[in-house]
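Work through the exercises below with the model open. Try each task before reading its solution.

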Amino acid sequence: MANKVSTFNGMVMSQRDYRERDLLVKILTRQAGPLMFLVRGAKRPKAKLAAAVLPFSYGSYLGVIHSDRLSLLTAANQVSQYQHLASDLTANAYATYLFELVDAAFSDGQPLVRWYSQVQASLRLMDRGLDPQILVNAMELQLLGQFGVQPTWDRCVICGRSDLPLNYSEENGGMLCSNHFNQDPYRIRLDKRTTGYVQLLATVDLTKVSSITVSDYIKRRLQRLIDTIYDHQVGLHLRSKNFINQMHTWDSQLKLGGQND
């Protein structure tokens, strides 16, 4: 984008202190992907832009976007906030992880095209109270291609059959049907329901989703598969993801403690 005053839509990913009165704010934009903006005076009492640059805010912004140095945010218009994401610990954790994942997948200044709408839809659905794990799982699966990993989900990579049980093979970059399980003794075993959800989430248009219902069993299987791919094939380890894992550990401990009472 040119180095001139521009109006753009965006979602606030994060902010951090900069100097005594200023903030650095990361905003996800449709036109130029993730961008870091300097917001002068945002820490002053009653600063006009303070509320508009809180994490999980979204709307129309005005600023000077530089391609070779820090961009400058100057004004905001019609800005709202995803209230549930800001107040609910679980939704907040998944939304934070989604922003970090997108930030890792796209370079600053890289247009997002359709990805912006997918991220926006995912956050909107989370804010409505839909299952944040499944929404993020869909984004994790769909963003794999941005990291150079493009598994074949809908058929066997050896023979192309889709009518037999399928397991995932890291070594072969996709599914193996039961006729070719012997090609990878270390494949990830998947039952038919989990396979169906993987194929659905890897292609679903989140802008057209209105409801989600997935059992805890399927959710555990999905997360195991996705975590394995990101750990072994992508090599991405984000701090926000570690927090989600810790959060699930705390939840399990609390449930176990309750059973012993």
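**Exercise 1.** Find which residues of helix 5 are exposed on the other side from its buried ones.

*Solution.* The model is predicted. Exposed needs over 50% relative accessible area, and buried means under 20%. Start with the buried set in helix 5, residues 192-201: Thr-194, Thr-195, Val-198 and Leu-201. These four cover an arc of only 135° around the axis, so they sit on the same side of helix 5. Now turn to the other side of helix 5. Lys-192 and Arg-193 are exposed there.

**Exercise 2.** Name the elements that the buried residues of helix 5 pack against.

*Solution.* Take the helices, then the strands. The helices are helix 4 (132-143) and helix 6 (216-234). The strands are strand 6 (152-156), strand 7 (166-169) and strand 8 (174-177).

**Exercise 3.** Locate the side-chain oxygen that reaches a backbone nitrogen at the start of helix 5.

*Solution.* Look at Asp-191. One of its side-chain oxygens comes to within 3.0 Å of the backbone nitrogen of Arg-193. The side of Arg-193 is already known: Arg-193 is exposed, on the other side of helix 5 from the buried residues.

**Exercise 4.** Describe the whole protein chain in numbers.

*Solution.* Begin with secondary structure: seven helices and eight strands. Next, the extent: the C-alpha trace spans about 65 × 55 × 30 Å along its principal axes. Then burial: 46% of the 261 residues are buried. The accessible surface is about 13500 Å², and carbon and sulfur atoms hold 47% of that surface. Finish with charge: 29 side chains are positive and 23 are negative. The centres of these two sets are 6 Å apart.

Methods
Residues numbered from 1 in each chain as written. Predicted model: local features only at pLDDT ≥ 70, side-chain atom pairs only at ≥ 80, totals over all residues. Heavy atoms only, no water. Buried < 20%, exposed > 50% of the residue type's maximum accessible area, 1.4 Å probe, protein only. Helix = DSSP H or I, 4+ residues; strand = E, 2+ residues; numbered from the N terminus. Arc of directions from axis to C-beta. Contact = heavy atoms within 4.5 Å. Polar contact = N/O pair within 3.5 Å; in protein donor to acceptor, adjacent residues only side chain to side chain. Areas by Shrake-Rupley, 256 points an atom, 1.4 Å probe, with all protein chains shown as cover. Lys, Arg positive; Asp, Glu negative; His and termini not counted. Charge placed at Lys NZ, Arg CZ, Asp CG, Glu CD.
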